[in-house]
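Student: I would like to go through this model and ask what stands behind the terms used for it. Please set each value against its cut-off.

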Amino acid sequence: MPERSEFAPASQSLNRRGVIKGAAWSVPVMAVAVATPAASASPCVQTYTGTVRFSPVGTSPVNYVRSTTTPTTAGSASVVLPAVNGFTTAPVNVTFSSSSIVSAATGGTYARDARNFDGNNTIAPGKFAIVQTVTGTSVAAETPVRGQTIDISFSRPVTGLSFSLEGITRATTYNDAVTLTTVAGAALTTTTASVGAQVAGNGTAANPWRANVENASQGAITAANSLIVTIPGTISSFRLRYKSWNGTTTAAQAQGVFLGNMTFNTRCG
């Protein structure tokens with residue numbers, strides 16, 4: 001997720017006679033211009049770079065904290081921004097919240113795993129864990145709407161948000177599928193990089209990021225089942241929806257995907 005000096009003129013109480021008498025001896029007053037810092041020196045035009053750290057970066061420690069009262073549904077990070085050109089600004093506060101959607105039987109039934117929202121989870125330490133179970137038959141479509149919804153909000157607008165989405169896997173019983181939208185559900189423009197060979201889709205409701213092969217047996221995270229997502233525009237929040245795109249299971253089947261450190265740019269706050 002700082003400046004200005006003010007000068008107040010002194011006041012004097014003068015009677016009318018004193019003003020007239022002093023007028024004959026008055027000395028011309030010279031106006032002195034006080035230099036105003038150029039716009040380029042204002043802290044509000046500086047661009048600050050911040051990182052939500054689920055794992056340390058150099059000497060910078062983890063700043064994501066899982067909620068102690070509702071650990072599987074909430075978390076937060078206070079992102080302290082390094083000074084730019086000598087100017088400092090307030091931290092950006094980032095909040096994470098989860099809601100589950102239980103759909104009709106044809107869409108599958110979902111429940112959060114105890115490791116959900118953990119940044120120090122046992123599957124992928126140093127990654128933000130989105131872990132849940134699915135039971136029943138999941139369909140290869142967005143309708144009925146189902147799965148877990150994760151809303152991530154910033155205390156002031158950010159641009160160029162980027163993070164890794166890792167561990168997209170598939171088995172006969174499930175297929176990880178992730179969509180990215182605004183909180184209201186509208187599509188967001190995204191770019192992707194380092195897209196693994198086992199990842200299909202573009203993150204939309206009609207074509208979510210998902211595994212294109214059965215790869216669950218190869219481990220939770222590989223380069224082949226991961227990608228980097230960037231939202232180039234200005235946002236204050238976004239929404240991830242996580243579900244199974246296809247599969248049938250009579251018992252609760254665990255599924256999980258993971259987010260790496262999130263970087264962004266912002267102005268003063």
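Tutor: The questions below deal with a predicted model, taking strands, core and pocket in turn.

Student: Why is strand β6 called largely enclosed by the rest of the structure?

Tutor: A residue counts as buried when its relative accessible area is under 20%. In β6, residues 128-138, 8 of the 11 residues are buried, so the strand is largely enclosed by the rest of the structure.

Student: How do you know that β6 and β13 pair?

Tutor: Two strands pair if DSSP finds at least two bridges between them. β6 and β13 have 10 bridges, in the antiparallel sense, so the requirement of at least two is met. One of the matched positions is Gln132, whose bridge partner in β13 is Gln255. β6 also pairs with β5 (residues 109-112), antiparallel over 4 bridges, and there Thr109 has Thr135 as its bridge partner.

Student: What makes strand β7 mostly covered?

Tutor: Strand β7 spans residues 147-166, and 15 of its 20 residues are buried. Each of those 15 falls under the 20% cut-off, so the strand is called mostly covered.

Student: Which strands pair with β7, and over how many bridges?

Tutor: β12 (residues 227-244) is joined to β7 by 13 bridges, with Ser153 opposite Ser237. β4 (residues 92-101) pairs with β7 over 8 bridges, and Phe96 stands opposite Ile152. β14 (residues 262-266) has 2 bridges to β7, where Ser162 is matched with Thr263. β13 also has 2 bridges to β7, with Glu166 opposite Phe258. Two bridges are enough, because the definition asks for at least two.

Student: What makes a group of residues here a nonpolar core?

Tutor: Its members must be buried residues of the listed nonpolar kinds, joined through side-chain atoms within 4.5 Å. The largest such core has 37 residues, and Phe96, Phe154 and Phe238 have the most contacts inside it.

Student: Which residues does Phe238 contact?

Tutor: Setting aside neighbours within four places in sequence, the contacts of Phe238 include Ile152, Phe154, Leu161, Phe163 and Met262. Asp151 and Thr181 are also in contact with Phe238.

Student: How many residues line the second largest pocket, and what classes do they belong to?

Tutor: The second largest pocket holds about 160 Å³ of space. Of its 14 lining residues, those closest to the centre are Thr169, Tyr174, Ala254, Gln255 and Gly256. Strand β13 (residues 247-259) gives the largest share, 5 residues. By class the lining has 7 nonpolar, 6 polar and 1 charged residues. Gly256 is on the polar side of that count, because Gly is classed as polar.

Notes
Residues are numbered from 1 along each chain as its sequence is written. This is a predicted model: local features need pLDDT of at least 70, side-chain atom pairs count only at pLDDT 80 or more; totals for chains, interfaces and linings use all residues. Side-chain values use heavy atoms; hydrogens and water are left out. Buried means under 20% relative accessible area, exposed over 50%, partly exposed in between (1.4 Å probe, protein chains only). Contact means heavy atoms within 4.5 Å. On a 1 Å grid over the protein atoms alone, a cavity is a set of points where a 1.4 Å probe fits but cannot get out, and a pocket is an open set with protein on both sides within 12 Å along at least five of seven lines; lining residues have an atom within 4 Å of a point. Grid points are joined across faces, edges and corners, and a volume is the space filled by probe spheres set on the points.
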